[in-house]
Amino acid sequence: MALYLFPLGMKQFFDDNSAILNGGKLYSYEAGTTTLLATYQDIDGNTAHANPLVLDADGRPPAPIWLTADTRYKFVLKTSADVELDQWDNVFGIAESGGTG
């Protein structure tokens, strides 16, 4: 299975008051739907993230987010109390830069 990095990477997330989103939740779905879709912690796809992925005390994902190639996702960001803050639809991964150039 080919995987690509989530375009937002290890971004730090904040709530609407600019406070770090400690314990925030990032849900991943098939694009345009509410059907949950797996993301992975490693490039080999051996370990799936929980869905929702719970952000750490710094408001960051606990591990990189890898997406299945040729698959479009929808991500929904919520507070720990499930209040929606943002969403991104039709997201696809970016190829990891390789080589020596």
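## A tour of the sheet and its rings

Start by selecting Lys 25: its bridge partner in strand S3 is Val 54. Keep in mind that you're looking at a predicted model.

**Stop 1: the sheet.** Now highlight strand S2, residues 25–30, along with S3; two bridges join them, and they run antiparallel. Add S5 and S6 to your selection and you have an open sheet of four strands, ordered S3-S2-S5-S6 with antiparallel pairing. Which strands stand at the edges? Those are S3 (53–54) and S6 (84–91); each has a single partner strand, so one side of each has no neighbour in the sheet. If you're wondering what holds strands side by side, they pair through backbone hydrogen bonds.

**Stop 2: the rings.** Next, show the aromatic side chains. How many aromatic pairs does the structure hold? There are four. One of them is Tyr 27 with Tyr 29, a stacked pair at 6.1 Å centre to centre, with 5 degrees between the planes. Are these two tyrosines buried or exposed? Both Tyr 27 and Tyr 29 are buried.

Hop over to Tyr 73 and Phe 75. Their ring centres are 5.6 Å apart and their planes sit at 15 degrees, so this pair is stacked too. Tyr 73 and Phe 75 are both buried. Add Phe 6 to the selection, and you'll have one aromatic cluster made of Phe 6, Tyr 73 and Phe 75.

**Stop 3: charges over rings.** Go back to Tyr 29 and select Lys 74 with it: the charged end of Lys 74 sits over the Tyr 29 ring, 5.4 Å from its centre. For your last pick, try Lys 11, which lies over the face of Phe 13 at 5.6 Å from the ring centre.

How values were computed: Residues are numbered from 1 along each chain as its sequence is written. This is a predicted model: local features need pLDDT of at least 70, side-chain atom pairs count only at pLDDT 80 or more; totals for chains, interfaces and linings use all residues. Side-chain values use heavy atoms; hydrogens and water are left out. Rings of Phe, Tyr and Trp (its six-membered ring) pair if their centres lie within 6.5 Å; planes under 30 degrees apart count as stacked, over 60 as edge-to-face and the rest as tilted. Buried means under 20% relative accessible area, exposed over 50%, partly exposed in between (1.4 Å probe, protein chains only). A charge sits over a ring if NZ of Lys or CZ of Arg is within 6 Å of the ring centre and within 35 degrees of the ring normal. Two strands pair if DSSP finds at least two bridges between them.
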